[in-house]
Amino acid sequence: MEALTDTILHRRMMLIVNPVAGRRQALRYIPEITRVFMNNGYFVTLMVTNAQRDATWLAERYAADFDAVVCVGGDGTLSETVAGIARCGAPVPLGYIPAGSTNVFSSCHGISTDIMTAANDIATGRIKQIDLGWFNARSFAFIAAFGAFSWTSYTTPQNLKNVFGPSAYFFDGVMSLPKIKPIHMKITSGNAVYEGAYLFGAVSNIFGFPGLLKFPAGAVKTDDGAFEVILIREPSTLIQWQAAISAVMTGNFEADVIDFFQSGELTIEADETVAWALDGEYEGGGSGETIEVKNQKRTINLIVKKEE
């Protein structure tokens with residue numbers, strides 16, 4: 001084993017770990033992960049979360065004192081860490097080691113789901129600037145959604161996620177379809193207005209949600225200052241239902257019941273309470289609330305694998 005005697009620890013890293021993410025395997029890798037970073041010149045400070053929003057609090061309070069922040073967990077841990085860094089006001093580089101059940105964010109950015117490979121890629125990686133989303137005063141890393149399937153990330157049983165992975169969301173969502181009712185909304189983007197009774201809506205900055213949603217090929221750029229927005233109205237016939245399902249699964253959004261556009265800023269108005277999910281975590285919403293969604297271009301300094 002290589003000794004550290006000739007290594008200079010000239011950079012400081014905050015390592016945030018969610019011990020209960022996914023299959024709860026993250027903690028057993030911590031000694032190896034720490035060794036990788038120390039071998040590459042990082043003095044590592046380990047911080048373990050104990051409750052929801054802990055990662056946000058830790059990053060907001062301490063991230064500015066470090067040269068890099070790395071989080072180990074699922075998409076929820078990633079989203080919380082991003083929120084904390086955004087609030088601290090310092091452009092601290094962020095590394096992500098996926099240890100959740102589905103890891104949507106990592107699949108979009110080519111981050112390995114092998115824990116040690118991801119750690120090595122961060123230790124020797126490069127900075128990739130990507131957009132940050134704001135949902136009123138709350139940030140999100142890759143998606144804000146409501147309606148059908150939007151809640152499945154936080155209601156699908158963990159054991160089902162562990163067995164079926166991304167497909168678990170689809171199974172759980174289909175079982176919930178009879179309980180869904182359309183939500184009347186008005187969405188304004190520049191001079192364009194979209195209004196109707198929608199079963200599902202998403203404002204996102206990813207290529208798709210595995211097992212549920214795929215965007216048209218070439219439509220998504222994660223650093224262009226624009227979101228991809230999809231709104232699905234309630235189908236009135238079986239043919240429209242089939243077309244809608246096919247559209248979201250294949251990324252061909254030509255179905256009559258689908259509104260699809262790109263925007264860096266939009267206003268969402270609804271008369272009733274809307275249950276929103278940000279990065280797969282329940283956010284809630286108030287009755288009659290007006291929501292301002294904005295894209296902050298190239299704000300997240302994501303550490304990714306160095307180009308070969």
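User: Is Phe 105 buried or exposed in this model?

Analyst: The model is predicted. Buried means under 20% relative accessible area. Phe 105 has 1% relative accessibility, so the residue counts as buried.

User: Which residue forms an edge-to-face aromatic pair with Phe 105?

Analyst: The ring centres lie 6.0 Å apart and the planes meet at 70°. Planes over 60 degrees apart count as edge-to-face, so this pair qualifies. The partner has a relative accessible area of 1% and is buried. It is Tyr 96.

User: Which residue joins Tyr 96 and Phe 105 in one aromatic cluster?

Analyst: Tyr 96 and Phe 105 already form a pair. The cluster also includes Phe 142.

User: How many aromatic pairs does the whole structure hold?

Analyst: A pair needs ring centres within 6.5 Å. Tyr 96 with Phe 105 is one of the pairs. The search of the whole structure finds eleven.

User: What is the geometry of the pair of Tyr 194 and Phe 261?

Analyst: The ring centres are 4.1 Å apart. The planes are at 0°, and planes under 30 degrees apart count as stacked. The pair is therefore stacked.

User: How many residues apart are Tyr 194 and Phe 261?

Analyst: Tyr 194 sits in strand S9, residues 192-204. Phe 261 sits in strand S13, residues 258-263, and is buried at 7% relative accessibility. The pair links distant parts of the chain, 67 residues apart.

User: Over the face of which residue does Arg 11 lie?

Analyst: A charge sits over a ring if CZ of Arg is within 6 Å of the centre and within 35 degrees of the normal. Arg 11 is at 4.1 Å from the ring centre. The ring belongs to Tyr 42.

User: Why do the buried residues of H2 line one face of the helix?

Analyst: Helix H2 covers residues 54-62, and its buried residues are Ala 55, Thr 56, Leu 58 and Ala 59. They pack against strand S1, strand S2 and helix H3. Seen down the axis, they line one face because they fall within an arc of 170°.

User: How many of the 14 residues of H3 are buried?

Analyst: H3 reaches 20 Å from its first C-alpha to its last, close to the 20 Å expected. Its buried residues include Asp 75, Glu 80 and Cys 88. H3 is mostly covered, and its buried residues number twelve.

User: What phi does Gly 89 take just after H3?

Analyst: Gly 89 follows directly on H3. Its phi is positive, at about 85°.

Technical notes:
Residues are numbered from 1 along each chain as its sequence is written. This is a predicted model: local features need pLDDT of at least 70, side-chain atom pairs count only at pLDDT 80 or more; totals for chains, interfaces and linings use all residues. Side-chain values use heavy atoms; hydrogens and water are left out. Buried means under 20% relative accessible area, exposed over 50%, partly exposed in between (1.4 Å probe, protein chains only). Helices (H or I, at least four residues) and strands (E, at least two) are DSSP runs, numbered from the N terminus. The arc is that of the directions from the helix axis to the C-beta atoms. Contact means heavy atoms within 4.5 Å. The expected span of a helix is 1.5 Å times one less than its number of residues.
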